[in-house]
Amino acid sequence: MNASLPCLYSFRRCPYAMRARLGLLFAELPVELREITLKNKPEQMLAISPKGTVPVLQLLDGSVIEESAEIMMWALTQNDPQGLLNESVLSHANALITQNDNEFKQWLDRYKYADRHLEMTQTEYRQEGEVFLQKLEVLLTQNTYLLGNSVTVADIGIMPFVRQFAHVDREVFYSLPYPKLQLWLQHWLEHPLFVQAMTKFQPWQEGDAVVVFPA
């Protein structure tokens, strides 16, 4: 690990890792990035985080943050130039992220992998997931972003999961009656920081040159 930078183990396509990278980008905090492959997780990562999921952030003092929402909050607590931790809506933001992680994500997984969960049809799983999408649509009819007319941690914490939901079947998603949500997602897919968050890196191996993210 670079002695002058925290070290982030990440996997580009994981929505949890996406939100962590977005948090670091909005906080303008550089880290040493170690891209991993899920089939060949580095021993160095497993040594500090035996549960073996990404993202994992090792700080300079050796402490480890293993949860993506905590990485976002840690980063923005260090530096928050765009005010994503707006105190007036922070409790609402945290509640939305919790609902995303605890309720929406389970329906998203079943929708995406419906062939592994035969208790219901893929359409039924999608409809269960839409309960949360409907809530987001209502919020976005009132404001440009989820909790106002500026970005908050709720937007970057939830967007990667809506993106994943949409990508299960793009044609179906864009046919659903959520025009504000669809515009919001499209805005994020084109956002310069999200484009930067999705930069491709080769999987890290011991002895590789340090990759600083953001560059």
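Guide: A residue is called exposed when its relative accessible area is over 50%, buried when that area is under 20%, and partly exposed in between. The model discussed here is a predicted one.

Visitor: Why is Glu43 called exposed?

Guide: Glu43 has a relative accessibility of 69%. The cut-off for exposed is over 50%, so Glu43 counts as exposed. Glu43 belongs to helix α2, and its C-alpha lies 9.7 Å from that of Glu206, although 163 residues separate the two in sequence.

Visitor: What makes Lys41 partly exposed?

Guide: The relative accessibility of Lys41 is 31%. That value falls between the limits of 20% and 50%, and Lys41 is therefore partly exposed. Lys41 sits in the loop between β2 and α2. Leaving aside residues up to four places away in sequence, Lys41 touches Ile36, Leu46 and Gly52. Its C-alpha is 9.7 Å from that of Pro203, which is 162 residues away along the chain.

Visitor: Why does the approach of the Lys41 side chain to Gly52 count as a polar contact?

Guide: The side chain of Lys41 comes to 2.8 Å from the backbone oxygen of Gly52. The limit for such a pair is 3.5 Å, so the pair qualifies as a polar contact.

Visitor: Why is Val138 classed as partly exposed?

Guide: Val138, a residue of helix α5, has a relative accessibility of 47%. This is not over 50% and not under 20%, so Val138 is partly exposed. The C-alpha atoms of Val138 and Ala197 are 28 Å apart, with their positions 59 residues apart along the chain.

Visitor: How do you know whether Arg19 is buried or exposed?

Guide: Arg19 has a relative accessibility of 0%. Since buried means under 20%, Arg19 counts as buried. Arg19 is part of helix α1, and residues that it touches include Met72, Ile97, Asn100, Ile156 and Phe161.

Visitor: What joins the side chains of Arg19 and Asp101?

Guide: The two side chains are joined by a polar contact of 2.8 Å. The cut-off is 3.5 Å, so the pair falls within it. Asp101 is also among the residues touched by Arg19.

Visitor: Which residues of α4 are buried?

Guide: They are Leu90, Ala93, Leu96, Ile97, Gln99, Asn100, Phe104, Lys105, Leu108 and Tyr111. The elements that cover them include α1, α3, α5, α6 and α7. Helix α4 also has a kink of about 45°, and Phe104 is at its centre.

Visitor: Why are α5 and α8 described by the term they receive for their relative direction?

Guide: The two helices pack at an angle of about 85°, and their axes are 8 Å apart. Angles of 65 to 115 degrees count as roughly perpendicular, so α5 and α8 are roughly perpendicular to each other.

Visitor: Which residues meet where α5 packs on α8?

Guide: From α5 come Leu133, Leu136, Glu137, Leu140 and Thr141, and from α8 come Pro179, Lys180, Leu181 and Trp184. This contact consists of six nonpolar residues, one polar and two charged.

Visitor: What makes His191 buried?

Guide: His191 has a relative accessible area of 15%. The limit for buried is under 20%, so His191 meets it. His191 is placed in the loop between α8 and α9. Its side chain reaches the backbone nitrogen of Leu193 at 3.0 Å, and a cut-off of 3.5 Å therefore makes this pair a polar contact.

Visitor: What is notable about the phi of Glu28?

Guide: Glu28 is not a glycine, yet its phi is positive, at about 60°. Most residues other than glycine have a negative phi. Glu28 lies in the loop between α1 and β2. Its relative accessible area is 53%; exposed begins over 50%, so Glu28 is exposed.

Visitor: Which omega values go with the peptide bonds from Val54 to Pro55 and from Phe213 to Pro214?

Guide: For Val54 to Pro55 omega is near 5° and the bond is cis; for Phe213 to Pro214 omega is near -10° and the bond is cis. Most peptide bonds are trans. Pro55 is in the loop between α2 and β3, whereas Pro214 is in the segment after β5.

How values were computed:
Residues are numbered from 1 along each chain as its sequence is written. This is a predicted model: local features need pLDDT of at least 70, side-chain atom pairs count only at pLDDT 80 or more; totals for chains, interfaces and linings use all residues. Side-chain values use heavy atoms; hydrogens and water are left out. Helices (H or I, at least four residues) and strands (E, at least two) are DSSP runs, numbered from the N terminus. Buried means under 20% relative accessible area, exposed over 50%, partly exposed in between (1.4 Å probe, protein chains only). A polar contact is a pair of N or O atoms within 3.5 Å; within protein, one must be able to donate a hydrogen and the other to accept it, and residues adjacent in sequence count only if both atoms are side-chain atoms. Axes are lines fitted to C-alpha atoms, for helices over the stretch in contact, and angles run from 0 to 180 degrees between N-to-C directions. Angles under 35 degrees count as roughly parallel, over 145 as roughly antiparallel, 65 to 115 as roughly perpendicular and the rest as oblique. Contact means heavy atoms within 4.5 Å. Ala, Val, Leu, Ile, Met, Phe, Trp, Tyr, Cys and Pro count as nonpolar, Asp, Glu, Lys and Arg as charged, and the others, Gly among them, as polar. The bend at a residue is the angle between axes fitted to the seven residues ending there and the seven starting there.
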